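Please look over the sequence and the three-dimensional structure below, and then read the report that follows.

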Amino acid sequence: MAQDTDVIVSSFRQSAPYINAHRNKTFVLMVGGEALEHENFPEIVSDIALLNSLGVKLVLVFGFRPQIDAALEMQHVQSQFVDNLRVTDDVALNAVKQVVGKLLIDIQATFSMGVVNSPMQGARINVMSGNFVVAQPIGVRDGIDFCHTGNIRRIDTDSIRWQLGQGAIVVVPPIGYSVTGEAFNLSAEEVATQVAIGLQADKIIGFCSNQGVLDDKDRVINEMLPSEAEAKLRTLAGSETDTGTVRYLRAAVASCYGGVKRSHLVSYQESGALLKELFTRDGVGTQIVTESYEKIRDANIDDIGGILELIQPLEERGILVKRSRELLESEIERFTIVERDGMVIGCAALYPFVEDGMAELACVVSHPKYRRSSRGDSLVRHIEAQAIKMGLNKVFVLTTQSIHWFRERGFVPADVNDLPTQKKSMYNFQRNSKILIKTL
């Protein structure tokens with residue numbers, strides 16, 4: 001029981017910074033018709049309601065492609081698709097109207113059910129919808145009349161913001177209305193993208209069958225820049241261009257280029273995937289970001305707490321020489337850190353001995369959770385580049401337990417006499433650290 005409690009406390013501590021970070025932020029959620037029909041959808045609704053209670057402003061854009069297909073199949077009608085867009089004739093438009101009305105009611109009913117059957121019981125969740133999208137017909141393209149399939153002209157972002165300001169979850173179907181009173185069938189992904197861009201949302205999140213984008217070994221790609229996502233889309237061209245993952249990835253890229261800083265793809269089939277993606281440091285899906293949320297940078301005074309937390313376990317084991325907070329404060333300009341979403345997960349320090357043309361590489365540490373990745377190599381390369389900029393030609397390390405790690409990176413054994421004059425006098429013979437030097 002105590003162990004279970006410790007896990008809960010640890011999880012809550014990890015999620016607490018994200019609870020604060022997400023408050024008053026605006027997220028646009030893309031939920032396709034496949035997700036609406038999945039048995040996990042009530043849990044997704046409960047998680048959305050929880051986000052709403054935590055002060056997140058939420059817009060839910062839903063699709064209905066499989067539901068329209070089923071409705072038309074019952075009438076023995078098969079739709080024509082061109083460039084992944086349905087040609088919406090009169091029969092298809094009537095099916096769209098019927099399906100959208102039913103889904104709106106079902107979604108609102110599921111929110112009520114989800115709240116009652118969850119820890120959110122008793123909380124009042126307002127779900128609002130409206131004619132937020134102004135559209136116009138696509139018309140005739142390459143000789144094909146798209147009939148009632150439309151393009152977006154404008155998103156009524158003022159009305160959406162007003163509803164969000166009242167604490168409501170805004171539900172937007174992919175239906176647009178013209179100034180002449182016509183209704184048009186729209187791409188749900190395009191509606192979600194334009195809503196996110198218009199609101200300058202903080203995130204857009206798509207629910208896919210897969211847990212994000214997979215690499216060629218079926219492993220989830222944790223983070224992608226828009227250019228990397230575009231390259232991935234090119235490799236998926238052909239038979240896969242109509243999958244939900246591809247459509248949502250395309251929408252995520254467009255949103256990033258439109259000013260939405262972070263886009264996420266998670267699975268609608270995994271329980272709690274939305275919360276795991278938003279409230280854990282590494283998430284579970286794929287994140288498309290305009291700028292990597294992991295970066296190497298110069299340390300500053302605000303990073304001291306993170307560095308101390310990182311190096312303390314190694315100091316206690318005698319692997320690192322102990323550094324006090326005061327010493328770190330006086331030497332902070334010597335440090336470089338790897339920061340991942342606000343957390344220090346790696347550090348290294350450079351101490352130059354200009355007269356001898358050498359520098360010491362010290363305090364190279366990676367967070368235990370990330371040691372199998374290449375952060376240590378990145379830090380060493382960064383420090384070596386700094387030394388070269390300073391006109392130095394050699395870097396040395398003093399280590400007691402990482403000899404082979406440095407040997408594999410080009411450092412060769414040396415002795416005390418090879419150290420800079422000032423460092424010789426400071427060498428701790430009792431500690432008996434091994435000396436390794438690398439020529440730059």
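## Charge and surface

In this predicted model, the chain carries 46 positive and 54 negative charges, and the mean positions of these two sets lie 5 Å apart. The surface that the chain exposes comes to about 22,000 Å², and carbon and sulfur atoms supply 49% of that area.

## Overall build

The secondary structure of the chain consists of 15 helices and 23 strands, and its C-alpha atoms fill a box of roughly 90 × 55 × 35 Å when taken along the principal axes. Of the 440 residues in the chain, 48% are buried.

Among the contacts in the chain with a separation of 6 or more, 72% are made by residues that stand 24 or more positions apart.

## Helices α6 and α7

Two packed helices are described by the angle between their axes and the distance between the axes. For helix α6, which covers residues 157-165, and helix α7, which covers residues 188-199, the axes come within 10 Å and cross at roughly 75 degrees. Because angles of 65 to 115 degrees count as roughly perpendicular, α6 is roughly perpendicular to α7.

The residues that meet between these helices are Thr 157, Ile 160, Arg 161 and Leu 164 on the α6 side, with Val 195, Gly 198 and Leu 199 on the α7 side.

## Glu 315 in helix α11

Glu 315 belongs to helix α11, which is formed by residues 304-316. With a relative accessible area of 11%, Glu 315 is buried, because the cut-off for that class is under 20%. When its neighbours within four places in sequence are left aside, Glu 315 is in contact with Leu 320, Val 321, Lys 322 and Arg 323.

## Asn 393 in a loop

Asn 393 is found in the loop that runs between α13 (375-389) and β21 (394-399). Its relative accessibility is 42%, so Asn 393 counts as partly exposed, a class that lies between the limits of 20% and 50%.

If residues up to four places away in sequence are not counted, Asn 393 touches Gly 357, Lys 438, Thr 439 and Leu 440. As for Ala 359, this residue is 34 residues apart from Asn 393 in sequence, while the two are 8.4 Å apart in space, C-alpha to C-alpha.

Methods:
Residues are numbered from 1 along each chain as its sequence is written. This is a predicted model: local features need pLDDT of at least 70, side-chain atom pairs count only at pLDDT 80 or more; totals for chains, interfaces and linings use all residues. Side-chain values use heavy atoms; hydrogens and water are left out. Helices (H or I, at least four residues) and strands (E, at least two) are DSSP runs, numbered from the N terminus. Buried means under 20% relative accessible area, exposed over 50%, partly exposed in between (1.4 Å probe, protein chains only). Contact means heavy atoms within 4.5 Å. Accessible areas come from the Shrake-Rupley method with a 1.4 Å probe; for residues, only the protein chains shown count as cover. Lys and Arg count as positive and Asp and Glu as negative; His and the chain ends are not counted. The place of a charge is taken as NZ of Lys, CZ of Arg, CG of Asp or CD of Glu. Axes are lines fitted to C-alpha atoms, for helices over the stretch in contact, and angles run from 0 to 180 degrees between N-to-C directions. Angles under 35 degrees count as roughly parallel, over 145 as roughly antiparallel, 65 to 115 as roughly perpendicular and the rest as oblique.
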